[in-house]
Amino acid sequence: MSNSSTPVMPPMIAPQAPEVIYRLMDSTSEGLLAINEVIGQAQHEIRIFDVSAQSLRSRDFGHPARIETLKKILLADRNNRLRIALHETRGIESELARLVGLLALFSNQISIHRTMGAARDAKDVMIIADQAHFWRKPYFEHLHSVLTLHDQAAAQPFVDRFEQIWESTEVAVTGSTVGL
């Protein structure tokens, strides 16, 4: 007589949704850490709206580690995207040479645009990863900023706002030359 027993399988546990994170920041250094967190969550797309190349540089978009992180995201899937809308693109090659170099390598995945028309009145700054993570400054000259992770409902108005701004932009920088 054989004494075989059926293996007992552990119960299936449904994966839990990550806990929503919401934080207010009162300093530039806290904001930089929050931007790192948002970018660290990106799996498919990063949307950025900011004032200028200089302000993007102050948010570490010229730093080698940030460029390497963006490169990994873009290499992960050829459909991954980085879209940047700026009010002012003058000086982008000097302020963000590494980012422009990344654009040259991933010209089909990165777009850098300049705002036009009504979008030029926008004063907030935002970095959005996918559809559920964002860092935002309600006014670009203030130190205060907000981080929200894992909250698609909270992110949706900012995704929509970015898309409205994006509709009022023009290509400013390409993979080979800087626009006028």
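This report describes the fold, the salt bridges and several individual residues of a predicted model.

**Overall fold**

The chain is built from 6 helices and 8 strands. From start to end, these elements come in the order β-α-β-α-α-β-α-α-β-β-β-β-α-β. The radius of gyration is 20 Å, whereas the globule rule gives 16 Å for 180 residues, so the chain is more spread out than a compact globule. The C-alpha trace spans about 85 × 35 × 30 Å along its principal axes.

Of the 180 residues in the chain, 43% are buried. When contacts between residues at least 6 apart in sequence are considered, 76% of them join residues at least 24 apart. The chain exposes a surface of about 10,200 Å², and 54% of that area is supplied by carbon and sulfur atoms. As for charge, there are 18 positive and 21 negative side chains, with the centres of the two sets 5 Å apart.

**Salt bridges**

The whole structure contains 11 salt bridges. Three of them are listed here, including the distance between the closest N and O atoms.

| Acidic residue | Basic residue | Closest N and O atoms |
|---|---|---|
| Glu-45 | Arg-83 | 2.7 Å |
| Glu-163 | Arg-83 | 2.4 Å |
| Asp-124 | Arg-161 | 2.9 Å |

Glu-45 and Arg-83 form a salt bridge. Glu-45 belongs to strand S2 (residues 45-52) and Arg-83 to strand S3 (residues 81-88), so this pair ties together parts that are 38 residues apart in sequence. Glu-45 is buried, its relative accessible area being 15%. Arg-83 is buried too, with a value of 13%.

Arg-83 also forms a salt bridge with Glu-163. Because Arg-83 is in strand S3 and Glu-163 is in helix H6 (residues 152-167), the pair ties together parts that are 80 residues apart in sequence. Glu-163 is partly exposed, at 24% relative accessible area.

The remaining bridge in the table joins Asp-124 to Arg-161. Asp-124 sits in the loop between strand S4 (110-115) and S5, and Arg-161 sits in helix H6, so the parts tied together are 37 residues apart in sequence. Asp-124 is buried, with a relative accessible area of 5%, while Arg-161 is partly exposed at 28%. Through salt bridges that share partners, Glu-45, Arg-47, Arg-83 and Glu-163 are joined into one network.

**Surroundings of Arg-161**

Not counting residues up to four places away in sequence, Arg-161 of helix H6 touches Ala-122, Lys-123, Asp-124 and Met-126. One of these, Asp-124, is its salt-bridge partner. Between Arg-161 and Gln-54 the C-alpha to C-alpha distance is 22 Å, and the two are 107 residues apart in sequence.

**A buried lysine without a salt bridge**

Lys-137 is located in strand S6 (residues 133-137). This residue is buried yet has no salt bridge. Which side chain of opposite charge is nearest to Lys-137? That side chain is Asp-50, at a distance of 7.5 Å. A salt bridge requires the side-chain nitrogen to be within 4 Å of a carboxyl oxygen, so Lys-137 has none.

Leaving aside neighbours within four places in sequence, Lys-137 is in contact with Arg-59, Asp-124, Val-125, His-142, Leu-143, His-144 and Ser-145. Asp-124 is thus among the contacts of Lys-137 and also among those of Arg-161.

**Positive phi at two aspartates**

Most residues other than glycine have a negative phi. Two aspartates depart from this pattern: phi is near 75 degrees at Asp-60 and near 55 degrees at Asp-130.

Asp-60 lies in the loop that connects helix H2 (53-58) and helix H3 (64-76). With a relative accessible area of 27%, Asp-60 is partly exposed. Asp-130 is likewise in a loop, between strand S5 (125-129) and S6. Asp-130 counts as buried, at 12% relative accessibility.

Key: Residues numbered from 1 in each chain as written. Predicted model: local features only at pLDDT ≥ 70, side-chain atom pairs only at ≥ 80, totals over all residues. Heavy atoms only, no water. Helix = DSSP H or I, 4+ residues; strand = E, 2+ residues; numbered from the N terminus. Rg over C-alpha atoms; globule rule 2.2 N^0.38 Å. Buried < 20%, exposed > 50% of the residue type's maximum accessible area, 1.4 Å probe, protein only. Contact = heavy atoms within 4.5 Å. Areas by Shrake-Rupley, 256 points an atom, 1.4 Å probe, with all protein chains shown as cover. Lys, Arg positive; Asp, Glu negative; His and termini not counted. Charge placed at Lys NZ, Arg CZ, Asp CG, Glu CD.
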